[in-house]
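Reader: I would like to practise reading burial and packing from a model. Could you walk me through a case?

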Amino acid sequence: MTLAIASDAAAGRAPVPSAPVDVRQAPIAQADLEHYRQELNGYCYRMLGSGFEAEDAVQEVFLRAWRGAESFEGRSSLRSWLYRIATNVCLDMHRSVQRRARPMDLGPASPPVESLLGPLLTDQPWISPMSDARLMPAHADPAEVAEVRHSVRLAFISALQHLPPRQRACLILCEVLRWQASEVAELLDTSAAAVNSSLQRARATLADVPMDTRATTVAPEAAELLERYVDAFERYDVDRLVTLLHEDAVQSMPPFALWVRGAADIGRWMLEPGPGGCRGSRLLPTAANGCPAFGQYRPDPAGGYAPWALQVLDISEGKITAMNFFLNFMDPERLFPAFGLPLHLDP
């Protein structure tokens, strides 16, 4: 049995050999490792802020585990051992990648004027989304699923980026994954006192980071709202769409730095000549970061519909609080397929 390991060193990701790895003789079975893939995806995603980098990191974790399997003597659980490897992989990757951000982290909201849009910042390390299918435990109870959803929200992932990597690891392990300080200390080769000190500093930093703390509504509970959103967007009925937004809703569109705040301004922005090119779009449903999401396809001059943006919606109290549009310019070959979305729609 072999597993192909992808590489993307040119994008700043950890170098991973592209040759298949033969695991037939590995002391640890591939199935043993695969059992932890989704939760390791979640851990690495919270650490790195990029869905693609998180998956690259987990592939590197498995590669290191296979290579070092003979040295695994069972003094700790396989899960703990894999988390130790994952932490080291993420810390290694942090040495070559600057802090990731969302447009809201880079400057104030902009008036809804197309001339202020600015250039595509494809070299900026943006926070990027991750598919729920790659994050959510397959057989988790509803309470566990709710916790995972909350801890992968884009606002929380962005806030974590303000922490130094080791503080970030301490906070995620202790407060998201519920590890004991003594367990984290063993994983990080430090003391429980040092872990508690890191936690205290991390909490103080996050307390100063602006973050929307409103309770989120998941897709099944927002089905009617989402139906109205799809109908309004596909008909490009902006007046109706604005009624579905919170008054202080935000819209962002990385890799552009511009972002807009307020339902009225979002409506005006959507009627600008450039954004107005979204008329006639089609939306296909998916899920990302514990939120409802849609693949947006704009009319293709060559026929059919071409990928334009992955829309991730934050919903609270029956209204949309954020429209996070990740434009396909970010990674045109991988963004839509990562969410199970086709690269073209027929007419």
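Reader: Which residues does Leu82 touch, not counting residues up to four places away in sequence?

Author: In this predicted model, Leu82 touches Leu33, Tyr36, Leu40, Val61 and Ala65, once residues up to four places away in sequence are set aside.

Reader: How do I read contacts like these in a wider setting?

Author: Start with the general idea: in soluble globular proteins, nonpolar side chains tend to be buried together. Here, the largest nonpolar core has 70 residues, and Leu40 and Leu82 have the most contacts inside it. Helix H4, residues 78-94, gives the most to this core, with 10 residues. There is also a second, separate core of 32 residues, which includes Ala222, Leu226, Leu241 and Ala263.

Reader: Now for two prolines. Is Pro292 buried or exposed?

Author: The idea is to compare relative accessibility with a cut-off: buried means under 20%, exposed over 50%. Pro292 has 3% relative accessibility, so Pro292 counts as buried. This residue lies in strand S6, residues 291-299. The C-alpha atoms of Pro292 and Pro220 are separated by 8.9 Å, with the two residues 72 residues apart along the chain.

Reader: And is Pro347 buried or exposed?

Author: Pro347 counts as exposed, because its relative accessibility is 83%. You will find Pro347 in the segment after strand S8 (319-327).

Reader: What is Pro347 in contact with, leaving aside its neighbours within four places in sequence?

Author: With those neighbours left aside, Pro347 is in contact with Gly304 and Tyr305. As for Asp300, 47 residues apart from Pro347 along the chain, the C-alpha atoms of the pair are separated by 9.4 Å.

Definitions and conventions
Residues are numbered from 1 along each chain as its sequence is written. This is a predicted model: local features need pLDDT of at least 70, side-chain atom pairs count only at pLDDT 80 or more; totals for chains, interfaces and linings use all residues. Side-chain values use heavy atoms; hydrogens and water are left out. Helices (H or I, at least four residues) and strands (E, at least two) are DSSP runs, numbered from the N terminus. Buried means under 20% relative accessible area, exposed over 50%, partly exposed in between (1.4 Å probe, protein chains only). Contact means heavy atoms within 4.5 Å. A nonpolar core is a set of buried Ala, Val, Leu, Ile, Met, Phe, Trp, Tyr and Cys residues joined through side-chain atoms within 4.5 Å.
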